[in-house]
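Here is a short note for anyone reading this structure for the first time. Please keep the sequence and the 3D view open while going through the points.

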Amino acid sequence: MKAPASAPATGSTAEPQEPRWLTDEEQHVWRSFMEGVTLLDDHLDRQLQRDAGMPHIYYGLLVKLAEAPRRRLRMTELAMLAKITRSRLSHAVARLEKNGWVRREDCPDDKRGQFAVLTDEGYEVLRQTAPGHVEAVRQAVFDRLSPEQQKSLGEIMRIIAEGLQPAEAGADLPWLR
C-alpha cells in the first residue's frame, strides 16, 4: 500500500509512528507476487477439480499421506505439514473419507489422537491424477523459468516460509489453531 495523501488526525499529542510504506518497486513486486500466487492456485485447483474432482488442498493432503510411512500420519502432524488449521484439516479429511480415499484410525498411544490413513482407493486416485498435476505445475512454473530463476524462487520461498514459522513457544501458526 502506498502512503495516503494525508494521514487522518488522531487527536493524540504523541506523533504516530509512520508505517514503512512500500516503495513503488516494492509495491510492483508485491502485487506481481500476489497475482501470481492467486492465479497459480486457481490454475492448479481447476486442473485437479477437472481431472479428479478435488481441490488442490485435498491433493496436497493425499500426497503427504502417500509419502508417509505406512501411508499414515497423525492428524496434528498432517495439519503441520499442510500448513493449515486443524479445523480445516478435519473438514478436508471428512470429505476425503466420504470419497473413500482416506480413513481415520484412533491412536493407540493417545486416546484423543487420530491418524489419517490413505486408502488403496485414495492411492490409486493420486496415482492417476499425479501425471496431469505435474504437467500443470511444469507448464505454469518450471517451463517459464530458467534453472537460475527456479533456484532463486526456491531460495526466496524458503526464506519467507522460515520467517513465518518462528520456533518459539506460543507462535501463532495455523496447525496450532
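The points below cover confidence, the sheet, and then the helices.

1. Confidence. This is a predicted model, and the protein averages a pLDDT of 91. A score of at least 70 is reached by 93% of the residues. Among the elements, helix 2 (residues 56-67) has the highest mean pLDDT, at 98. The lowest mean belongs to strand 3, at 91.

2. Layout of the sheet. Three strands form an open sheet in the order 1-3-2, and their pairing is antiparallel. Strand 1 and strand 2 stand at the edges and have a single partner strand each, so one side of each is left without a neighbour in the sheet. On average, neighbouring strands of this sheet are turned by 30° against each other, with direction ignored.

3. Strand 1 with strand 3. Strand 1 covers residues 72-74 and strand 3 covers residues 110-118. The two run antiparallel and are joined by three bridges. One residue to look up here is Arg74, whose bridge partner in strand 3 is Phe115.

4. Strand 2 with strand 3. How many bridges join strand 2 (residues 102-107) to strand 3? There are six, and these strands also run antiparallel. The connection between strand 2 and strand 3 is a hairpin, made through two residues. Several partners can be traced by eye: Val102 is bridged to Leu118 in strand 3, Arg103 to Val117, and Glu105 to Phe115. Phe115 therefore deserves a second look when reading the sheet, as the bridge partner of Arg74 and of Glu105.

5. Helices on the sheet. Helix 2 packs on the sheet and touches strand 1, strand 2 and strand 3. The direction of helix 2 makes about 100° with that of strand 3. Helix 3 (residues 75-82) lies across strand 1, strand 2 and strand 3 as well. Helix 3 runs at about 95° to strand 1.

6. Helix 2 with helix 3. Two packed helices are described by the angle between their axes and the distance between the axes. For helix 2 and helix 3, the axes come within 10 Å and cross at roughly 120°. That angle makes helix 2 oblique to helix 3. The crossing is right-handed. On the helix 2 side, the residues that meet helix 3 are Leu61, Lys64 and Leu65. On the helix 3 side they are Leu78, Leu81 and Ala82. The residues of this contact divide into five nonpolar, no polar and one charged.

7. Helix 1 with helix 5. How do the axes of helix 1 (residues 24-52) and helix 5 (residues 120-140) cross, and within what distance do they come? They come within 10 Å and cross at roughly 155°. Helix 1 is therefore roughly antiparallel to helix 5, since angles over 145 degrees count as roughly antiparallel. Helix 1 passes helix 5 in a right-handed crossing.

8. Residues between helix 1 and helix 5. Helix 1 contributes Leu40, His43, Leu44, Gln47, Leu48, Asp51 and Ala52 to this contact. Helix 5 contributes Thr129, Gly132, His133, Ala136, Val137 and Ala140. The residues of the contact divide into seven nonpolar, five polar and one charged.

Terms used:
Residues numbered from 1 in each chain as written. Predicted model: local features only at pLDDT ≥ 70, side-chain atom pairs only at ≥ 80, totals over all residues. Heavy atoms only, no water. Pairing = 2+ DSSP bridges. Helix = DSSP H or I, 4+ residues; strand = E, 2+ residues; numbered from the N terminus. Axes fitted to C-alpha atoms, helices over the stretch in contact; angles between N-to-C directions. Parallel < 35°, antiparallel > 145°, perpendicular 65-115°, else oblique. Left-handed = near helix turned anticlockwise from the far one by under 90°. Contact = heavy atoms within 4.5 Å. Nonpolar A, V, L, I, M, F, W, Y, C, P; charged D, E, K, R; others polar. pLDDT = per-residue confidence, 0-100.
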